[in-house]
Amino acid sequence: MSTDRPGRFAWLLLATAVLAACQPAASDESDRPETARTFPRADRPVAGVVSNEFSNEEARDDRNEATKVMDLAGITPGMTVADIGAGNGYYTVRLAERVGAEGRVLAQDIDDAALKRLGMRVERERLDNVSIKPGDIDDPRLPEKSFDRIFMVHMYHEVTEPYAFIWRLRPALKKGGQVIVVDVDRPTNRHGIPPKLLFCEFEAVGYKLVEFIEKPDIAGYFARFEAVGPALQPGRIRGCDQPRS
């Protein structure tokens, strides 16, 4: 009978380590906010944010982007609109002009530096109908029943917790309110999102697609959604698979 107990102990440690390494890591939620862990994990990689501006404002105005998107979204004077992922405020300032003195625009971002720059711009341009608010990666932190339209322009693909985020977005819509998404048809790790995946994620949380238009002249596509029926409990939401190339 062998008496090499230290050797047996070392072998046991090695075997335990190998078994542990073979266990699935799906149950490890430590990389997610605690407030998002009851929601499905998104099946999509997210590219790093290289800039909080999709492209420079002059180029976007040359193709009349904001006007075309606001027209498609039906933005009229007196509306209340949220600009999610507002960045330096390309849409914020143009929405403020469109909704006029009787309307309101809430600009939201998770980047404190961007919000500070936007705040200075709002003050400099005397946009009295604009408010600024920080958000979280899984919660836009918007007031309930407040918005006719919520804009998410070239930013939805960067949302790492989409199910939690748009689930918590729903209560902020007024009756008949809509979520407007402008993005690009390509994988999320290339700064876009395939329309099929976009539709699936919104439908999983209880939205219906109202309109979808391919719009090369705005460097992407236009989609709008409305919330329908009661919101599902987070544990009943089924996640979507990203289309594989």
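Which residues do ring pairs link into a cluster? In this predicted model, the cluster comprises Tyr 156, Phe 199, Phe 202, Tyr 207, Phe 212, Tyr 221 and Phe 225, which are joined to one another through ring pairs. Two members of the cluster also carry a charged side chain over the ring: Arg 44 lies over the face of Tyr 156, at 5.2 Å from the ring centre, and the charged end of Arg 170 sits over the ring of Tyr 207, 5.9 Å from its centre.

A pair of aromatic rings is described by the distance of the centres and the angle of the planes. The search of the whole structure for such contacts finds nine aromatic pairs. One of these is formed by Phe 39 and Trp 167, whose ring centres are 5.3 Å apart and whose planes enclose an angle of 65°, an arrangement classed as edge-to-face. The pair links distant parts of the chain, since Phe 39 belongs to the loop between helix H1 (5-22) and helix H2 (57-62), whereas Trp 167 belongs to helix H6 (residues 162-169), with the two positions 128 residues apart in the numbering. With regard to solvent accessibility, Phe 39 counts as buried because its relative accessibility, 3%, falls under the 20% limit, while Trp 167, at 22% relative accessibility, counts as partly exposed.

A further aromatic pair is formed by Tyr 91 and Phe 151, with 5.9 Å from centre to centre and 50° between the planes, so that under the angular limits applied the pair is tilted. This contact likewise links distant parts of the chain, with Tyr 91 in helix H4 (residues 90-99) and Phe 151 in strand E4 (residues 147-153), 60 residues apart. Tyr 91 is buried, its relative accessible area being 4%, and Phe 151 also counts as buried, with a relative accessibility of 0%.

Side chains of opposite charge can pair when their charged atoms come close. Across the whole structure, the search finds 18 salt bridges. Among them is the contact between Glu 29 and Arg 41, in which the closest N and O atoms are 3.0 Å apart. Both Glu 29 and Arg 41 lie in the loop between H1 and H2, so the salt bridge ties together parts that are 12 residues apart in sequence. Glu 29 is buried, with a relative accessible area of 18%, whereas Arg 41, at 38% relative accessibility, counts as partly exposed.

Another salt bridge brings together the side chains of Arg 121 and Glu 125, at an N to O distance of 3.0 Å. In this pair the basic residue, Arg 121, counts as buried at 13% relative accessibility, and Glu 125 is partly exposed, with a relative accessible area of 36%. A salt bridge is also formed between Asp 138 and Arg 168, for which the closest N and O atoms are 3.2 Å apart. Because Asp 138 is placed in the loop between strand E3 (130-134) and E4, and Arg 168 in helix H6, this pair ties together parts that are 30 residues apart in sequence. Asp 138 is buried, with a relative accessible area of 4%, while Arg 168 is partly exposed, with a value of 21%. Finally, salt bridges that share partners join Glu 29, Asp 31, Arg 32, Arg 41 and Glu 161 into one network.

Technical notes
Residues numbered from 1 in each chain as written. Predicted model: local features only at pLDDT ≥ 70, side-chain atom pairs only at ≥ 80, totals over all residues. Heavy atoms only, no water. Phe/Tyr/Trp six-rings, centres within 6.5 Å; stacked < 30°, edge-to-face > 60°. Helix = DSSP H or I, 4+ residues; strand = E, 2+ residues; numbered from the N terminus. Buried < 20%, exposed > 50% of the residue type's maximum accessible area, 1.4 Å probe, protein only. Lys NZ or Arg CZ within 6 Å of the ring centre and 35° of its normal. Salt bridge = Lys/Arg side-chain N within 4 Å of Asp/Glu carboxyl O.
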